[in-house]
Amino acid sequence: MVNAPPPFIPGAFVGAEHHYRARVYFEDTDLSGIVYHANYLRYMERARSDMLRIAGIDQRAAMDAGDGSWAVTDLTIKYRRPARLDDDLLVVSTVEAVRGASVIIAQRILRGTDTLSGETLTDGHVTAAFLSPEGRPRRQPGGWADRFTAIMNGEKIPC
């Protein structure tokens, strides 16, 4: 019998926050072992995608049905400290506002595995809009705004 590691669960909700774990690999860094600035956006994107998946927001099904897809329409980011090769990171995401066709999500990247002792490396705010296949803003599919509102309020996500 082969001993396999437990399944990797990168993200989970902790109240109104979504926590997503990541590790800095060599490919994420420049020659000095510091994370390249654009890779913080990748960590944030992965965390947002994981948050939506856990919340039951099926981006792929919406795309396949021709309903549309999410696009980042505004992004601000503040780099505070560098992440380095082999750091454990925690991306904390919170929904700040929900609109008919968009959502605003605040994100922090911490060095460490918890919000109490983790050092904040990066802060960001992302506005994502739901767009039709033609690229025009469109209301989110039915129930999605309710899910985002539940997340924002720290409530159980409706099924």
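Does isoleucine 157 count as buried or exposed, and at what relative accessibility? In this predicted model, isoleucine 157 counts as buried, because its relative accessibility of 19% falls under the 20% cut-off.

**Figure 1. Overall view of the predicted protein chain, with three helices and six strands.** Read from the N terminus, the elements follow the order β-β-α-α-β-β-β-β-α. The radius of gyration of the protein chain is 17 Å, close to the 15 Å that the globule rule gives for 159 residues, so the chain is as compact as a globular protein of that length. The C-alpha trace spans about 45 × 45 × 30 Å along its principal axes. Of the 159 residues in the protein chain, 38% are buried, and among contacts between residues at least 6 apart in sequence, 64% join residues at least 24 apart.

**Figure 2. Surface and charges of the protein chain.** The protein chain exposes about 9200 Å², and carbon and sulfur atoms supply 53% of this area. The chain carries 19 positive and 20 negative charges, and the mean positions of these two sets are 2 Å apart.

**Figure 3. Close-up of helix 1, residues 38–54.** Helix 1 has 17 residues and reaches 25 Å from its first C-alpha to its last, a span close to the 24 Å expected at 1.5 Å a residue. The buried residues of helix 1 include the aromatic pair Tyr40 and Tyr43, together with Met44, Met51 and Leu52; Asn39, Ala47, Arg48 and Asp50 are buried in this helix as well. Glycine 56 follows helix 1 and has a positive phi, near 85°.

**Figure 4. Close-up of aspartate 86 in the loop between strand 3 and strand 4.** The loop that holds aspartate 86 runs between strand 3 (69–79) and strand 4 (88–98). Although aspartate 86 is not a glycine, its phi is positive, at about 75°.

**Figure 5. Close-up of serine 132 in the loop between strand 6 and helix 3.** Strand 6 covers residues 119–131 and helix 3 covers residues 144–152, and serine 132 is found in the loop between them. Serine 132 counts as buried because its relative accessibility is 8%. When residues up to four places away in sequence are not counted, serine 132 touches Asp67, Gly68 and Arg138.

**Figure 6. Close-up of tryptophan 144 in helix 3.** Tryptophan 144 has a relative accessible area of 7% and is therefore buried. Leaving aside neighbours within four places in sequence, tryptophan 144 is in contact with Ile57, Asp58, Gln59 and Ala62, and also with Trp70 and Phe130. Tryptophan 144 and leucine 52 are 92 residues apart in sequence, while their C-alpha atoms are 9.4 Å apart in space; leucine 52 is itself one of the buried residues of helix 1.

**Figure 7. Close-up of isoleucine 157 in the segment after helix 3.** With neighbours within four places in sequence left aside, the contacts of isoleucine 157 include Arg147, Ala150 and Ile151, and isoleucine 157 is also in contact with Phe13 and Ala55. Isoleucine 157 and serine 32 are 125 residues apart in sequence, and the distance between them in space is 42 Å, C-alpha to C-alpha.

Definitions and conventions
Residues are numbered from 1 along each chain as its sequence is written. This is a predicted model: local features need pLDDT of at least 70, side-chain atom pairs count only at pLDDT 80 or more; totals for chains, interfaces and linings use all residues. Side-chain values use heavy atoms; hydrogens and water are left out. Helices (H or I, at least four residues) and strands (E, at least two) are DSSP runs, numbered from the N terminus. The radius of gyration is taken over C-alpha atoms; the globule rule is 2.2 Å times the number of residues to the power 0.38. Buried means under 20% relative accessible area, exposed over 50%, partly exposed in between (1.4 Å probe, protein chains only). Contact means heavy atoms within 4.5 Å. Accessible areas come from the Shrake-Rupley method with a 1.4 Å probe; for residues, only the protein chains shown count as cover. Lys and Arg count as positive and Asp and Glu as negative; His and the chain ends are not counted. The place of a charge is taken as NZ of Lys, CZ of Arg, CG of Asp or CD of Glu. The expected span of a helix is 1.5 Å times one less than its number of residues.
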